[in-house]
Amino acid sequence: MKKTVTLTFSDGSPSIELPIEQGTYGKPVIDIRTLGAHGYFTHDPGFTATSSCTSDITYIDGDEGLLYYRGYPIEQLAYQSDYMEVSYLLLHGELPTAVQKTAFEESIRHHSLLHDQMENVFRGFRRSAHPMAVMIGVTGAMSAFYHEGNDLFDPKHREIVAHRLIAKVPTVATWAYKFNEGQPFVYPQNHLSYAENFLHMMFSTPCEPYVPNPVLARALDRIFLLHADHEQNASASTVRLAGSSGANPYACVAAGMASLWGPLHGGANEAVLKMLDDMGDVSRIPEYIKRAKDKSDGFRLMGFGHRVYKNMDPRARIIRETCYEVLDELDLRDDPQFKMAMELERIALEDDYFISRKLYPNVDFYSGIIFRAMGIPPSMFTVMFALARTSGWVAQWNEMLSDPAHKIGRPRQLYTGPERREYVPMDQRGA
Ligand code: ACO
């Protein structure tokens, strides 16, 4: 028998019975959709206790430290799969066959070039513009190039949108960097893998040959895979909400990027590097640990703790290994800043304050260190995150539009403003 919950009211109003739904995993949810008809809404700013949709894509258990994409544990995917396969999985729900994977990769390669006219969009920005601002602007501008003839209710059209976005974001990201640097834009090369192509467009110049380092390409691919989706976070919810009106999908993904840009979401890895720069030397770690524990000091140890994971984030465990592989490959284990980061990690993992509060190093702690080791500047860190998350955003958007029950997102509010009052003409408003 289906479980229900009964709402009773202290003023004697008739009680309301609501169904309880249980997903594959996770907390049961009370289906409140009929509440409006009874004259009530619920109030939940920040959606801390509200499920905004049903989804088959990603499952997170923060207490247990679990992350599944389409049911597959992140560890299995990180060690046995790659970003292209995971992008296919997120989008289509199943792992591809060899033929499907080859076709998917071919399609992504085929779409990686930007419309020639888009170069002019980049050139409209000032050189010093933050690469994330350029990324948002250029991705949004794609809506001007791909608008007519989009039938969002045709699965084939949605697939083309998804492929285009996954294919073009590395080109947009690296060109945002090149524009900052004053270097010529580098075109994608179809013989390279997705991660190799990123390294090529980011670091090569027309002056000399460039061969992407396979260890760095593998590390990058793993970082992309680990960041590909994280269920209904702020940016994915933004893409869904924007897309729920049937808006142009390139504009919707640009909106998701804008949400990701915030320091409370995608900006933390940049903050980790800033903290390490400020710290300057291993000898100052105790001072920073002391400040982090001091409740009268607003300072927090950047790269530690997570809103959802109250156990080690499974992605952090994997990315930590990748971090050491990259540092070894680049012979940076003895670099003073990386030594400082590793010492900070060691102390925090042993300190009772952090242990008792379940404050583990998070994925941002390690990704910032890896990116810097690779020569990617902090201003590009959120861009890297946006690039990786694009496959998740398009999968979430596609899932929403393919649901026949989909509705425009329209939250309610608890109005606390003034009661009705009469307009006062200017000459009667006093000084
Ligand atoms: N340094 C020191 N103390 C911390 C930290 C930290 N990084 N994070 C949490 N705490 C303490 C809090 O002061 C609080 O202590 P108290 O119980 O004595 O009052 C306790 O741990 C719980 O903290 P909350 O703020 O309730 O935890 P919440 O889940 O709301 O915060 C958050 C999570 C925002 C990530 C927080 O840990 C933080 O600010 N971390 C640093 C920033 C960071 O690294 N963000 C990246 C997150 S990962 C991602 O977005 C992909």
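**Strands, a kinked helix and two lone cysteines**

Ile 20 sits across from Ile 30 of strand E3, and this pairing is a handy way into the predicted model described here. Ile 30's strand, E3, is joined to strand E2 (residues 16–21) by two bridges, with the two strands running antiparallel. Add strand E1 and the result is an open sheet of three strands, ordered E1-E2-E3 and paired in the antiparallel sense. At the edges of this sheet are E1 (4–7) and E3, each of which pairs on one side only. As a general point, the strands of a sheet pair through backbone hydrogen bonds, and they can do so parallel or antiparallel.

Further along the chain comes strand E4, which covers residues 58–61 and has both of its faces covered. Thr 58 and Ile 60 point to one side, Tyr 59 and Asp 61 to the other, and all of these residues are buried. That fits the usual picture, in which side chains of a regular strand alternate between the two faces of the sheet. E4 runs antiparallel to strand E5 (residues 66–69), and four bridges hold the pair together. Two of the facing positions can be picked out by name: Asp 61 is opposite Leu 66 of E5, while Tyr 59 has Tyr 68 of E5 as its bridge partner. The two strands make a hairpin with four residues between them, and in its turn Gly 65 shows a positive phi of about 70 degrees.

E5 also pairs with strand E6 (residues 72–73), again antiparallel, this time over two bridges. Here Tyr 69 faces Tyr 72 of E6. The hairpin of E5 and E6 has two residues between its strands, and Arg 70 adopts a positive phi near 50 degrees in it.

Arg 70 turns up again in the surroundings of Asp 56, a residue of the loop between strand E3 (29–30) and E4. Setting aside residues up to four places away in sequence, Asp 56 touches Arg 70 and Glu 399. Even with these contacts, Asp 56 is exposed, its relative accessible area being 60%. The C-alpha of Asp 56 is also 7.9 Å from that of Gly 93, although 37 residues along the chain separate the two.

What about the helices? Helix H17 takes in residues 381–402, 22 residues in total, and spans 32 Å from first C-alpha to last, close to the 32 Å expected at 1.5 Å a residue. There is a bend in it all the same: a kink of about 40 degrees, centred on Arg 389. Since 21 of its 22 residues are buried, H17 is largely enclosed by the rest of the structure.

Two other spots are worth a look. Ser 143, in helix H5 (residues 131–145), counts as buried because its relative accessibility is 18%, under the 20% cut-off. The side chain of Ser 143 reaches the backbone oxygen of Gly 140 at 2.4 Å. Beyond residues up to four places away in sequence, Ser 143 touches Asn 248, Tyr 250 and Ala 251. Asp 351, by contrast, is placed in a loop, the one between helix H14 (336–350) and helix H15 (352–356). With a relative accessible area of 14%, Asp 351 is buried too. Its contacts, apart from neighbours within four places in sequence, are with Ile 289 and Lys 293.

Finally, the cysteines. The model contains zero disulfides, where a disulfide would need two cysteine sulfur atoms within 2.5 Å. For Cys 53, the closest cysteine sulfur belongs to Cys 252 and lies 15 Å away, so the gap is too far for a bond. Cys 252 is likewise in no disulfide, and the sulfur nearest to it is that of Cys 53. The surroundings of these two residues can be told apart by accessibility: Cys 53 is partly exposed at a relative accessible area of 24%, whereas Cys 252 counts as buried at 1% relative accessibility.

Key:
Residues are numbered from 1 along each chain as its sequence is written. This is a predicted model: local features need pLDDT of at least 70, side-chain atom pairs count only at pLDDT 80 or more; totals for chains, interfaces and linings use all residues. Side-chain values use heavy atoms; hydrogens and water are left out. Buried means under 20% relative accessible area, exposed over 50%, partly exposed in between (1.4 Å probe, protein chains only). Two strands pair if DSSP finds at least two bridges between them. The expected span of a helix is 1.5 Å times one less than its number of residues. The bend at a residue is the angle between axes fitted to the seven residues ending there and the seven starting there. A polar contact is a pair of N or O atoms within 3.5 Å; within protein, one must be able to donate a hydrogen and the other to accept it, and residues adjacent in sequence count only if both atoms are side-chain atoms. Contact means heavy atoms within 4.5 Å.
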